[in-house]
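Please open the model in your viewer and keep the sequence panel visible. The tour proceeds by selection: each stop names what to select and then describes what is there.

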Amino acid sequence: MPTKFDLRAKIVENVCLGGKYYRIRVHAPEIAALARPGQFCMIRPEYSGDSLLRRPFSIASVRDGELLEFAYTTIGVGTRLISRSGPGDHLICLGPLGNSFPIVDGSRALVVGGGIGVAPFPFFNRVLNEHRIFPITYYGARSADELIYVEELNQLSQSLKIATDNGTAGHHGFVTQLLAQDLEESPGESVIYACGPHPMMRVVKSIAERYGVPAYLSMEETMGCGIGICIGCPIPGVTPDGQSTYYLCCKDGPIFPSTVVMI
Amino acid sequence: MNPDLSVQLGSLQMKNPIMTASGCFGYGLELTDLIDLNELGGIVSKSLTLQKRMGTPPHRIFETASGMLNAIGIENIGVEAYLTEKLPLLSQYNMAIVANVMGNTLEEYAAAAARFRGIQRIAAIEVNISSPNTKKGGMHFGVDPEMTYQVVRAVKDATDRPVIAKLSPNVTDIVAIAKRAVDGGADILSLINTLWSLAIDHWNAKAILGNVTGGLSGPAIKPVALRMVYQVSRALPVPIIGIGGIANLFDVIEFLMAGASAVQIGTANFYDPTVSTRLVRELGDYCAMRNIQKVSSLIGSLQIS
């Protein structure tokens, strides 16, 4: 059985959620059937002109068993082109790729998303719920108008704790401060799952180590291929025997235990 | 009509002219979910060094118009691990397996090549001569005719396989370099490697690549590659493998017309991972449609009036 497919997937919906934030749904039943939370697809529009490389998008949700949903921000030419595609157009979509978040039955799941790094968590939280785990979700953004999936995450979490840089919603400050507060009260049998910008991931790693809590970090690096043939997405890390190494974000990750990556 | 797609490059015979390029296809086993390797004419390994190499820090990849820059730093598992972990699995497939070797000294090149002596499944050794010569202050072997001669000679003397010299385009006179590679014992030439490049993050006034400079590849470089294949093929009677931005059937045809006997698909594998085997099928269809009985009849068929 193949573990991944390269499909021409019809776009069902592509909507702006405000500002640079978008949500796109494509019909890709083969990929949807295999997808696990934390995995990603390599995507480009069918006609992408002189922008050749695909972009890695983490899978935000699987809807009705056959639709893949992605959330993304327009950063450069590739994502801008995708944002201009509409229903009936096609995406070229390779996936599912990479590893997935490990689920630890009976644990207290602490899910930490920053900015567009919240993207994998609607999918992950839903799967956690299926395992009778109701996570505490920590979600940081620059401001209230950059928050996405709030209602859905709220439904899928024991509680949703929001922080914004400018204080327009939730805690005025960093989401990692909320995480540290809760761990200070009781680390319990917690497992941290995080995806977000580099500075947030660095803080999550140090918090996890301070409280002796396992943390799984979904890392990011510019990717050429998504399947380990270009060797272009190094994540600096250490091997089990303490040697420096580069892991490949696409093939060894994107999810790593916080103890093996150097941020 | 069932056209004959086979090509013969000296003693290297392949069932069709479509190969995958070094560094653009991993070790060949990553794509077995998506394509049938048996369809390919051949694959070329990632550049292999005597010892494993860690490669350069991030970022290693940057997209540019119709192409990309890369600076991977020859991260690879090393010759020994390739022989024990990758080659036995690759050997199940019916295609030519080419080992690409690299080093920082003549001795390292020779030692890496020597490890493939007597290994029948290795159809040829490709020499990546675009490596800094640490004994000559880091000057790249492949930009100097004499250093090109020496490195090809060192590999030729160390191996019992046909030798493919992979030429750098970062030179003033590609024909002069090609001649010295042939003098050094190259049985086949492959060209071109990437064009030396720089990308800048203008917001922060910093180089984007961790290595500062890198190599430009992709369709953006195809006209340069075509020109160099054309020049070298007209100047020398040596078989040529064309490389540079090949992404579709007509690119393949054009390289054959310019004088290449086979082609390697590089960057296109990254954004279109099933392209290589699709090109084999499309080339067969094209020959059938155009009533071309032997694909080899296209080689060097460019007419210059």
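Two helix axes that meet at an angle under 35 degrees count as roughly parallel, whereas angles from 65 to 115 degrees count as roughly perpendicular. Please keep in mind throughout that this is a predicted model.

**Stop 1: two helices of chain B**

Select H5(B) and helix H6, residues 249–258 of chain B. The axes of these two helices come within 8 Å and cross at roughly 25°. H5(B) and H6(B) are therefore roughly parallel to each other. To display the contact, show the side chains of Lys222(B), Leu226(B), Val229(B), Tyr230(B) and Ser233(B) on H5(B). Opposite them, on H6(B), show Asp251(B), Glu254(B), Phe255(B) and Ala258(B). Sorted by class, the contact of H5(B) with H6(B) comprises five nonpolar residues, one polar residue and three charged residues.

**Stop 2: another partner of the helix**

Keep H5(B), residues 222–235, on display and add helix H4, residues 174–183 of chain B. Here the axes come within 9 Å and cross at roughly 50°. H4(B) and H5(B) are therefore oblique to each other. The crossing of H4(B) and H5(B) is right-handed. Which residues meet where H4(B) and H5(B) are in contact? From H4(B) come Ile174(B), Val175(B) and Ala178(B), and from H5(B) come Met228(B), Gln231(B), Val232(B) and Ala235(B). The contact of H4(B) with H5(B) contains six nonpolar residues, one polar residue and no charged residues.

**Stop 3: an open sheet in chain B**

Hide the helices and select the strands E5, E6, E16 and E13 of chain B. In the order E5-E6-E16-E13, they form an open sheet of four strands with antiparallel pairing. Which strands stand at the edges? Strand E5 (61–64) and strand E13 (195–198) do, and each has a single partner strand, so one side of each is left without a neighbour in the sheet. From one strand to the next, the twist averages 35°. Now zoom in on E13(B) and strand E16, residues 213–217 of chain B, which run antiparallel and are joined by four bridges. Within E16(B), Thr213(B) is the bridge partner of Leu198(B).

One further selection in chain B is the peptide bond between Pro58(B) and His59(B), which is cis, with omega about -10°. His59(B) is placed in the loop between strand E4 (42–44) and E5 of chain B. For context, most peptide bonds are trans.

**Stop 4: a closed barrel in chain A**

Turn to chain A and select its strands E1 to E6. In the order E1-E2-E5-E4-E3-E6, these six strands form a closed barrel with antiparallel pairing. On average, neighbouring strands of this sheet are turned by 45° against each other, direction ignored. Strand E3, residues 40–45 of chain A, pairs with E4(A) in the antiparallel sense over four bridges. Among the residues to label here, Phe40(A) has Ser58(A) in E4(A) as its bridge partner.

**Stop 5: two domains of chain A**

Colour residues 5–97 and residues 108–218 of chain A separately, as the domain assignment gives these ranges as domain 1 and domain 2. Their C-alpha centres lie 24 Å apart. The contact takes 14 residues from domain 1 of chain A and eleven residues from domain 2 of chain A. On the side of domain 1 that touches domain 2, strand E1 (5–18), strand E4 (55–63) and strand E5 (67–73) of chain A each supply at least two residues. E4(A) gives the most to this side, with five residues. The residues of this side divide into eight nonpolar, six polar and no charged.

**Stop 6: where the chains meet**

Display both chains together. How many residues of chain A are in contact with chain B? There are 26, in contact with 28 residues of chain B. Strand E13 (234–238) and strand E14 (244–248) of chain A each supply at least two residues of the side that touches chain B. By class, this side of chain A has 13 nonpolar, seven polar and six charged residues.

**Stop 7: backbone details of chain A**

Finally, select Gly253(A) and Pro254(A), whose peptide bond is cis, with omega near 15°. Pro254(A) is found in the loop between E14 and strand E15 (255–257) of chain A. Then select Arg132(A), a residue other than glycine with a positive phi near 60°. Arg132(A) lies in the loop between helix H3 (121–130) and strand E8 (136–141) of chain A.

Conventions. Residues are numbered from 1 along each chain as its sequence is written. Chains are lettered from A and ligands numbered from 1 in the order in which they are written. This is a predicted model: local features need pLDDT of at least 70, side-chain atom pairs count only at pLDDT 80 or more; totals for chains, interfaces and linings use all residues. Axes are lines fitted to C-alpha atoms, for helices over the stretch in contact, and angles run from 0 to 180 degrees between N-to-C directions. Angles under 35 degrees count as roughly parallel, over 145 as roughly antiparallel, 65 to 115 as roughly perpendicular and the rest as oblique. A crossing is left-handed if the near helix is turned anticlockwise from the far one by less than a right angle, and right-handed if clockwise. Two residues are in contact if their C-beta atoms, placed from the backbone, lie within 7 Å. Ala, Val, Leu, Ile, Met, Phe, Trp, Tyr, Cys and Pro count as nonpolar, Asp, Glu, Lys and Arg as charged, and the others, Gly among them, as polar. Domain bounds come from an automatic or database domain assignment. Two strands pair if DSSP finds at least two bridges between them.
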